[in-house]
Amino acid sequence: GFLSLGVAAAEGEEAGSVTELTSILTNTHSSNSTHSNSSNMPSVNDINIFLFVPNLIGYARVILGIASLFYMADAPVTAMLLYWTSAFLDAFDGHAARALDQATKFGAVLDMVSDRCTTLALMMTLAVLYPAHAVYFQLLAILDIGSHWIHMYSSLSRGQTSHKQIDLKANPLLRLYYESRTVLFTMCACNEMWFISVYLAYFFPEPQWTLFGQTHSLWHWMAIIMFLPFALKQLISVIQMIAACRNIGFSDAQEVYARRSSARN
């Protein structure tokens, strides 16, 4: 069932920021040891991680995301151009970090926080534009923030180093999701496109298209098309949040058992 699927999935959600962050944390000590033995490496004072290329991309994403907020109320095209550009740049910071050997904990956190905050801001706007459905956007916001935070805490507490530690053969969908960056990018893009389409459908009820006997605006149709991958991504978040809670609970049980065993001895 979903819980068994979640146990398989819990070892690694979002093969991006969370995995990068936990991998960096785990490998920091060994990397420092290797660097200290190399006479060709610059000193630590010569390395300014805040000017690393992936972090510069991250700053640009933050600026674009914040700029989009000022236009969301009455300039939807400008707002979404800024918002989508910020989201699209997410495809490049990770590649730059790996290609240039510039992966950092700061960059991983910056990437995740900018993702969550910009999406949350759009959800807030949608709750205002669609007050009758505000509770659903509130629930989506809770799921988005909660699942990522709980999973990151679970990953860090367990010392996880890679999403490939999970049993990828347990489920073909998860294997495809975790091993293919193209699939991951496509699902994340469709998720963002669903929010953008719902937002633009409010401002642009025309033109109307009739398909399969149903008449809707262009952006309404786009939201319908994007709904399946959007819903699938929310389902994965639910499964992995439950599994992360179970992993934290199991870790707590081990600690309680160790304390009680030590007390008895």
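In the hairpin of β1 and β2, which residue takes a positive phi, and how many residues lie between the strands? The residue is Phe-212, with a positive phi near 55 degrees, and two residues lie between the strands. The model discussed here is predicted.

**Overall organisation**

The protein chain contains 10 helices and two strands. Read from the N terminus, the order of its elements is α-α-α-α-α-α-α-α-α-β-β-α. Of the 265 residues in the protein chain, 42% are buried. Among contacts with a separation of 6 or more, 78% are between residues 24 or more positions apart. The exposed area of the protein chain is about 14,900 Å², of which carbon and sulfur atoms supply 66%.

**The strand pair**

Strands β1 (residues 208-211) and β2 (residues 214-217) run antiparallel and are joined by four bridges. Within this pairing, Trp-209 has His-216 of β2 as its bridge partner.

**The largest nonpolar core**

The largest nonpolar core comprises 26 residues. Those with the most contacts inside it are Met-80, Leu-122, Leu-126, Phe-137, Trp-194, Phe-195 and Tyr-199. Five helices each supply at least two residues of this core, as listed below.

| Helix | Residue range | Supply to the core |
|---|---|---|
| α4 | residues 76-88 | at least two residues |
| α6 | residues 105-129 | at least two residues |
| α7 | residues 134-158 | at least two residues |
| α9 | residues 181-203 | at least two residues |
| α10 | residues 218-264 | at least two residues |

The largest share, nine residues, comes from α9. Phe-195 illustrates the packing. Apart from its neighbours within four places in sequence, Phe-195 is in contact with Thr-119, Leu-122, Met-123, Leu-126, Leu-140 and Phe-230.

**Helix α3**

Helix α3 covers residues 53-69, a run of 17 residues. At 1.5 Å a residue, a helix of this length should span 24 Å, and the end C-alpha atoms of α3 are 25 Å apart, which agrees with that expectation.

Which residues of α3 are buried? They are Pro-54, Asn-55, Ile-57, Gly-58, Arg-61, Gly-65 and Ser-68. Seen down the axis of α3, these buried residues fall within an arc of 150 degrees, and therefore they line one face of the helix. The elements that cover the buried residues of α3 include α4, α5 (90-99) and α6. Of these, α4 and α6 also supply residues to the largest nonpolar core.

How values were computed:
Residues numbered from 1 in each chain as written. Predicted model: local features only at pLDDT ≥ 70, side-chain atom pairs only at ≥ 80, totals over all residues. Heavy atoms only, no water. Buried < 20%, exposed > 50% of the residue type's maximum accessible area, 1.4 Å probe, protein only. Contact = heavy atoms within 4.5 Å. Areas by Shrake-Rupley, 256 points an atom, 1.4 Å probe, with all protein chains shown as cover. Core = buried A, V, L, I, M, F, W, Y, C linked by side-chain atoms within 4.5 Å. Pairing = 2+ DSSP bridges. Expected span 1.5 Å × (residues − 1). Arc of directions from axis to C-beta.
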